[in-house]
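Biologist: Before we discuss any labels, please put the model on the screen. I would like to know what each label rests on.

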Amino acid sequence: MESGRIVIVGAGQGGFQAAASLRQEGFRGEIVLIGDETGLPYQRPPLSKAYLKTGVADELELRPAAFFEAHDITLVNATRVEAIDREGKAVVAGDRRFPYDHLIIATGTRNLRPPIPGLERTVDLRTLADAARLRDHLAGPRRIAVIGGGFIGLEFAAVARALGHTVTVAEAATRLMARVVSPEVSARFLDMHRGMGTEVLLGQPVAEVTETGIALADGTVIAADMVLLAAGVRPNAELAAAAGLTVANGVVVDTQLATADPDISALGDCAVFPDPRTGRPVRLESVQAAVDHARTIAKRLVKGSTDAYAAVPWFWSDQADWKLQIAGLSSPEDDSVLRGDGAVLRFDGDVLTAVETINDGRTHMQARRLMAGDAPLTRDALAPLDYDLGPLMKASRGR
Ligand SMILES: Cc1cc2nc3c(=O)[nH]c(=O)nc-3n(C[C@H](O)[C@H](O)[C@H](O)COP(=O)(O)OP(=O)(O)OC[C@H]3O[C@@H](n4cnc5c(N)ncnc54)[C@H](O)[C@@H]3O)c2cc1C
């Protein structure tokens with residue numbers, strides 16, 4: 001389609017990118033980008049990193065207001081879409097209706113709220129408004145407890161500790177970032193955080209948040225005057241479910257990010273799609289996935305492209321002066337091979353699933369390039385090279 005009206009619900013990373021990519025691909029119709037936050041669309045990664053230190057919000061904006069005017073993108077902010085009327089082909093927000101020819105659901109995620117008594121005493125780190133509140137909290141000396149030893153909890157812990165606050169991280173699993181990295185990388189980050197003076201408690205779910213701190217399942221009490229909840233997220237998929245679309249840990253889409261309704265697509269953190277390599281349903285929480293999904297949808301809608309979304313996933317996390325980068329997607333039970341230089345290669349059987357590096361952008365880029373090739377990389381091919389990706393890079397350039 002080159003004309004008509006495309007409505008995008010959710011004005012975050014992926015929703016914004018969909019609007020921009022539609023114009024880039026030559027879409028001449030109307031684009032309406034509806035989001036429930038105030039202000040211009042912004043990037044979230046700095047919220048748990050640089051922004052906590054600098055407090056400069058302008059730098060987070062994905063584009064200035066002039067961009068939306070110049071590209072004729074109607075941004076409707078501070079507006080929460082409450083329903084999708086599929087028969088009438090419109091979305092509903094209060095007494096307003098926004099008709100669409102095509103709808104893109106880009107509603108992202110929200111903080112997971114485990115059933116812990118006292119959870120209302122915790123603070124979140126999801127939005128710019130949350131981060132601004134947190135910055136205010138950090139203005140004076142604090143005893144901080146963080147519930148969750150994943151990317152966001154640990155990034156925040158590293159910043160708070162560097163600012164001189166007392167920090168305890170409580171993680172229910174027996175290792176840090178267990179869902180996304182190898183035991184070897186978990187262990188290195190554990191040492192690093194403990195070395196900074198952060199108390200890290202593993203294998204203990206938080207049982208209660210009290211007025212004076214948190215209590216763990218074994219009765220340990222940690223005094224805290226601020227508790228950050230960073231125990232994972234849930235996809236915002238209720239809109240889609242209520243409209244009769246298939247939802248299973250997110251809005252279910254095919255390899256081209258299309259739902260079963262030909263007039264509705266979904267992308268980013270809220271979308272579940274078949275992993276191009278394994279066919280397994282996956283939902284990624286990363287900027288790169290949201291951006292690439294948006295581009296795939298724009299090409300399909302405007303140019304009729306039948307290309308599947310097949311990008312190699314990659315992730316990063318900045319904790320203190322360590323940049324963790326992950327190319328590919330592993331399962332917690334995948335094997336690990338630890339290279340002499342600290343890089344970790346993960347394998348599902350014989351097949352390379354991910355490469356984890358710390359402050360090693362070169363290996364990360366090599367892994368991304370090689371994993372994008374047609375044939376999977378195997379242990380048989382890598383072992384004789386001592387798992388060095390360099391020779392394979394040279395060989396691939398020579399082809
Ligand atoms: C603190 C933090 C740090 C992060 N760091 C990294 C990082 O280092 N690297 C990385 O790759 N990723 C990082 N991420 C994740 C990354 O920000 C997300 O993967 C990315 O923003 C996903 O884009 P999205 O468009 O799917 O969702 P979002 O960017 O979350 O946008 C969804 C938008 O939809 C809105 N919305 C939801 N429901 C409705 C509704 N009914 N009506 C209207 N609007 C609605 C939401 O309020 C939100 O504004 C981080 C996230 C956070 C919170």
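Modeller: This is a predicted model. Of the 399 residues in the protein chain, 52% count as buried.

Biologist: What makes a residue count as buried here?

Modeller: Buried means a relative accessible area under 20%, and 52% of the protein chain falls in that class.

Biologist: Why is Asp 386 called exposed?

Modeller: The relative accessibility of Asp 386 is 62%. Exposed begins over 50%, so Asp 386 counts as exposed. Asp 386 sits in the loop between helix 10 (379–382) and helix 11 (390–398). Its phi is positive, about 55 degrees, although Asp 386 is not a glycine.

Biologist: What makes a positive phi worth noting in a residue other than glycine?

Modeller: Most residues other than glycine have a negative phi. Asn 249 also has a positive value, near 60 degrees. Asn 249 lies in the loop between helix 7 (238–242) and strand 17 (251–252).

Biologist: How many helices and strands are there in the protein chain, and why is the chain called as compact as a globular protein of that length?

Modeller: The protein chain has 11 helices and 25 strands. Its radius of gyration is 22 Å, and the globule rule gives 21 Å for 399 residues; the two are close, so the chain is as compact as a globular protein of that length. Along the principal axes, the C-alpha atoms fill a box of roughly 60 × 55 × 35 Å.

Biologist: Why is helix 8 described as mostly covered?

Modeller: In helix 8, 13 of the 17 residues are buried, which means under 20% relative accessible area. Helix 8 (residues 287–303) reaches 24 Å from its first C-alpha to its last, close to the 24 Å expected. Just after helix 8, Gly 304 takes a positive phi of about 70 degrees.

Biologist: What makes the space lined by Phe 273 and Leu 329, among others, a cavity?

Modeller: A cavity is a set of points where a 1.4 Å probe fits but cannot get out. The structure holds 1 cavity of 30 Å³ or more, and the largest cavity has about 30 Å³ of space. Its lining has 7 nonpolar, no polar and 1 charged residues; Asp 275 is among the lining residues.

Biologist: How is the lining of the second largest pocket divided by class?

Modeller: That lining has 4 nonpolar, 2 polar and 4 charged residues, including Asp 292, Arg 295, Lys 299 and Asp 307. The volume of the second largest pocket is about 180 Å³.

How values were computed. Residues are numbered from 1 along each chain as its sequence is written. This is a predicted model: local features need pLDDT of at least 70, side-chain atom pairs count only at pLDDT 80 or more; totals for chains, interfaces and linings use all residues. Side-chain values use heavy atoms; hydrogens and water are left out. On a 1 Å grid over the protein atoms alone, a cavity is a set of points where a 1.4 Å probe fits but cannot get out, and a pocket is an open set with protein on both sides within 12 Å along at least five of seven lines; lining residues have an atom within 4 Å of a point. Grid points are joined across faces, edges and corners, and a volume is the space filled by probe spheres set on the points. Ala, Val, Leu, Ile, Met, Phe, Trp, Tyr, Cys and Pro count as nonpolar, Asp, Glu, Lys and Arg as charged, and the others, Gly among them, as polar. Helices (H or I, at least four residues) and strands (E, at least two) are DSSP runs, numbered from the N terminus. The expected span of a helix is 1.5 Å times one less than its number of residues. Buried means under 20% relative accessible area, exposed over 50%, partly exposed in between (1.4 Å probe, protein chains only). The radius of gyration is taken over C-alpha atoms; the globule rule is 2.2 Å times the number of residues to the power 0.38.
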